[in-house]
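Trainee: Could we go through this model together, with the reasoning behind each label spelled out?
Mentor: Gladly, let's bring it up and start.

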Amino acid sequence: MPERLLNANKIVGIKQLRRAIRDGKVETIFLAENVDPWISDEVYALALSAGLVPVRVPTMQQLGQACGISVGAATAAILK
């Protein structure tokens with residue numbers, strides 16, 4: 001589980017992930033396994049464009065908790 005997300009410089013959500021990848025700021029990408037296929041397809045494409053492979057997290061709820069938020073998160077990333 002990505003416990004290091006809690007205290008890391010991070011972003012949460014697909015919109016912020018798009019921006020951070022475009023700006024070359026992403027170190028590690030996390031993706032919940034229970035997201036809709038169109039989201040996981042987009043995140044994988046974004047990750048590959050940045051030369052990264054997403055770390056899989058079992059559920060959106062677990063990823064949200066790891067980020068310190070009270071709702072689920074489809075994706076998150078640790079910034080450089």
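Trainee: Why is R18 called partly exposed?
Mentor: This is a predicted model, and in it R18 has a relative accessible area of 33%. Buried means under 20% and exposed over 50%, so R18, at 33%, is partly exposed.

Trainee: And what makes E42 partly exposed?
Mentor: E42 has a relative accessibility of 22%. Buried would need a value under 20%, so E42 counts as partly exposed.

Trainee: How do you know that R18 forms a salt bridge with E42?
Mentor: The closest N and O atoms of R18 and E42 are 2.5 Å apart. The cut-off is within 4 Å, between a side-chain nitrogen of Lys or Arg and a carboxyl oxygen of Asp or Glu, so the pair qualifies. R18 lies in helix α1 and E42 in helix α2, so the salt bridge ties together parts that are 24 residues apart in sequence.

Trainee: How many salt bridges are there by this rule?
Mentor: The count comes to two. R22 and D23 also meet in a salt bridge, with 3.5 Å from N to O, and that value is within 4 Å as well.

Trainee: What makes R22 exposed and D23 partly exposed?
Mentor: R22 has a relative accessible area of 62%, and exposed means over 50%. D23 has 43%, so D23 falls in between the cut-offs of 20% and 50%.

Trainee: Now the sheet. Why are β1 and β3 said to stand at the edges?
Mentor: The open sheet has four strands in the order β1-β4-β2-β3, with mixed pairing. β1 (10–12) and β3 (55–57) each have a single partner strand, so one side of each is left without a neighbour in the sheet.

Trainee: How do you know that β2 and β4 pair?
Mentor: Pairing needs at least two bridges, and β2 (residues 26–32) and β4 (residues 75–79) have five, in the antiparallel sense. V26 has L79 as its bridge partner in β4, while L31 stands opposite T75.

Trainee: What joins β2 to β3?
Mentor: Three bridges join them, and the two strands run parallel. At least two are needed, so β2 and β3 pair too. F30 stands opposite V55 in β3.

Trainee: Why is β2 called largely enclosed?
Mentor: Six of the seven residues of β2 are buried, so the rest of the structure largely encloses this strand.

Key. Residues numbered from 1 in each chain as written. Predicted model: local features only at pLDDT ≥ 70, side-chain atom pairs only at ≥ 80, totals over all residues. Heavy atoms only, no water. Buried < 20%, exposed > 50% of the residue type's maximum accessible area, 1.4 Å probe, protein only.
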